[in-house]
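These are my notebook entries on a single protein model. I record below what I looked up, entry by entry.

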Amino acid sequence: TPRRIGNDLGDAVVVRILISMRAAALRNARRSRFGLVSLIGSAVIGLLAAGSSLLLGFTATGSPPGMADQLDLLLLTWSVGRVGFAAFSGGDAAIALDLFRIIPLRRRTLARALLVLGVADPSLVFLGIAFASVAVLGFRFGLVAGAVGIVSAAVLLAGVSVLSTVVAAVVPSGSRRRQDLGTLLAAVLISAVVVAGTLVGPLLAMLASGRAPVLGLVLRILPGGWPGDAVAAVIEGQP
């Protein structure tokens with residue numbers, strides 16, 4: 001029966017189907033001139049933005065906590081932007097989750113497949129480059145701090161991937177009410193990112209000099225600041 005067939009589909013099979021759908025969407029986008037230009041333009045902008053964040057890991061100045069706070073601000077901006085995009089878009093445009101609601105497929109199987117698919121998200125390449133700034137800062141002060149930076153950045157990257165996948169699944173494109181809620185949430189998040197982007201220069205200078213203790217404390221409390229805080233703790237604890 002269809003239900004039995006759906007229940008027999010394993011995680012690996014569903015993951016392959018979802019990846020094939022995403023790959024087919026990318027191939028179709030490259031066939032049109034507009035789609036190809038959009039893909040290239042998005043990749044160039046993403047690499048420039050991620051590269052500038054990575055560069056801060058080499059150039060950040062101040063005390064170890066001050067340097068970590070500067071990176072924490074950028075990592076938080078990237079994380080909020082990624083989750084906000086997931087809420088705004090209502091999921092992956094190449095994968096209509098509403099189609100899977102009519103298939104007798106176990107929710108646990110679909111959920112696990114979506115989480116695995118989140119790891120294959122192309123946007124994580126840009127986030128990974130930006131998050132690597134924490135490891136770069138750590139390696140400036142030794143191998144131990146660099147290793148802590150790698151592990152903590154990888155954990156944050158995985159957390160952002162999972163949260164983005166969950167948000168995209170909760171706000172499917174076919175649900176008007178949920179899409180409106182997702183759009184409202186995305187508007188708030190994107191507004192915060194835009195404001196932070198316009199003030200990033202002065203904020204980084206204030207964080208480097210220690211003239212924004214409240215902001216530094218908030219950044220350390222939020223998950224986006226944990227990698228930098230861990231690296232700063234290792235640096236200050238080294239003999």
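**Entry 1. Nonpolar surface patch**

I looked for nonpolar patches and found one of about 520 Å², made by Phe139, Leu143, Ile150, Val151 and Val155. The patch criterion takes residues with over 30% relative accessible area and no salt bridge, joining nonpolar side chains (Val, Leu, Ile, Met, Phe, Trp, Tyr) within 5 Å and like charges within 9 Å. Helix H8 (residues 143-170) supplies the largest share of the patch, four residues. I checked Val155, which lies in H8, and its relative accessible area of 56% makes Val155 exposed. I use buried for under 20% relative accessible area, exposed for over 50% and partly exposed for in between (1.4 Å probe, protein chains only).

**Entry 2. Basis of the model**

I note that this is a predicted model, in which local features need pLDDT of at least 70 and side-chain atom pairs count only at pLDDT 80 or more, while totals for chains, interfaces and linings use all residues. Residues are numbered from 1 along each chain as its sequence is written, and side-chain values use heavy atoms, with hydrogens and water left out.

**Entry 3. Overall composition**

I listed the secondary structure and obtained twelve helices and zero strands. Helices (H or I, at least four residues) and strands (E, at least two) are DSSP runs, numbered from the N terminus. Of the 239 residues, 36% count as buried. The accessible surface comes to about 13,100 Å², and carbon and sulfur atoms account for 72% of that area; the areas come from the Shrake-Rupley method with a 1.4 Å probe, and for residues only the protein chains shown count as cover. I then examined contacts (heavy atoms within 4.5 Å). Among those between residues at least 6 apart in sequence, 81% join residues at least 24 apart.

**Entry 4. Salt bridge**

How many salt bridges does a search of the whole structure find? I obtained one, with a salt bridge taken as a side-chain nitrogen of Lys or Arg within 4 Å of a carboxyl oxygen of Asp or Glu. The side chains involved are those of Asp69 and Arg220, at 2.9 Å from N to O. Asp69 belongs to helix H4 (residues 64-89) and Arg220 to helix H11 (residues 213-221), so the pair ties together parts that are 151 residues apart in sequence. I also looked up the accessibility of both partners: Asp69 is buried at 5%, whereas Arg220 is partly exposed at 28%.

**Entry 5. Gln70 and helix H10**

I went on to Gln70, also placed in H4. Gln70 is buried, with 5% relative accessibility. Leaving aside residues up to four places away in sequence, Gln70 touches Leu56, Ala60, Thr61, Leu204, Leu207 and Ala208. The C-alpha atoms of Gln70 and Leu56 are 8.3 Å apart, with their positions 14 residues apart along the chain.

In helix H10 (residues 200-209), I found Leu203, Leu204 and Leu207 to be the buried residues. They cover an arc of only 100° around the axis, which places them on the same side of H10; the arc is that of the directions from the helix axis to the C-beta atoms. Just after H10, Gly210 has a positive phi of about 80°.

**Entry 6. Ser133**

Is Ser133 buried or exposed? I find Ser133 buried, at a relative accessible area of 1%, and its place is in helix H7 (residues 123-139). Beyond residues up to four places away in sequence, Ser133 touches Ser53, Leu54, Gly57, Leu71 and Leu75.

**Entry 7. Helix H12 and Ala153**

I checked the length of helix H12 (residues 226-237): its twelve residues should span 16 Å, and the end C-alpha atoms are 16 Å apart, which agrees. The expected span is 1.5 Å times one less than the number of residues. The buried residues of H12 are Pro227, Gly228, Val231, Ala232 and Ile235. They cover an arc of only 130° around the axis, which puts them on the same side of H12. The face turned away from that buried side carries the exposed residues Trp226, Glu236 and Gly237.

Finally, I returned to H8 for Ala153, which is buried at 8% relative accessibility. Ala153 touches Phe131 and Pro227, residues up to four places away in sequence not being counted. The C-alpha atoms of Ala153 and Gly228 are separated by 8.6 Å, although the two residues are 75 apart along the chain.
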